[in-house]
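Grab a pencil and have the structure open next to you. These short exercises walk you through how strands line up.

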Amino acid sequence: PPSLALYNPPDGLMTNAQSVTISGKSEKQVMIHINGEPIQSNEEGVFETEIPLQKGVNTVTVQATKKSGKQTSASRTIVRSKSAQALSQAATSAKN
């Protein structure tokens with residue numbers, strides 16, 4: 001299967017932003033899909049795109065597929081909250 005490294009976002013990211021940048025790297029000539037949508041990568045296999053976030057928990061799945069059909073996938077969970085205060089409260093309660 002192809003290699004796949006996700007650089008951004010970190011898993012478990014909490015944000016109040018309406019979108020997030022997904023970036024990473026796979027191998028040359030590998031097809032990349034993020035949540036089922038094809039994404040263009042450069043000749044070195046590096047990709048980057050911005051995706052919208054829904055309020056609440058968002059799961060982002062990145063899939064790398066070789067021409068032979070072999071696949072690798074990785075997922076990240078992102079939480080979009082309506083306010084920075086809510087994020088702070090969530091972080092505090094998670095520690096306790």
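**Exercise 1: the parallel pair**

Find the bridge partner of Leu13 in strand 8.

*Solution.* In this predicted model, Leu13 has Ile78 as its bridge partner in strand 8. Now zoom out to the strands themselves: strand 2 and strand 8 (residues 71–80) are joined by three bridges. The two run parallel.

**Exercise 2: following Ile34**

Work out which residue Ile34 stands opposite in strand 5, and which one is its bridge partner in strand 7.

*Solution.* Start with strand 5: there, Ile34 faces Glu37. Strand 4 and strand 5 (residues 37–39) run antiparallel, with three bridges between them. Next, look at strand 7, where Val62 is the bridge partner of Ile34. Strand 4 (residues 31–34) and strand 7 (residues 56–65) are antiparallel too, and four bridges join them.

Last, check the hairpin of strand 4 and strand 5: two residues lie between the strands. Asn35 takes a positive phi there, near 50°.

**Exercise 3: the whole sheet**

Put the five strands of the open sheet in order, then explain why one side of strand 2 and of strand 5 has no neighbour in the sheet.

*Solution.* The order reads 2-8-7-4-5, and the pairing is mixed. Strand 2 (13–15) and strand 5 sit at the edges with a single partner strand each, so one side of each has no neighbour in the sheet. As you step from one strand to the next, the twist averages 30°.

Definitions and conventions:
Residues are numbered from 1 along each chain as its sequence is written. This is a predicted model: local features need pLDDT of at least 70, side-chain atom pairs count only at pLDDT 80 or more; totals for chains, interfaces and linings use all residues. Side-chain values use heavy atoms; hydrogens and water are left out. Two strands pair if DSSP finds at least two bridges between them. Axes are lines fitted to C-alpha atoms, for helices over the stretch in contact, and angles run from 0 to 180 degrees between N-to-C directions.
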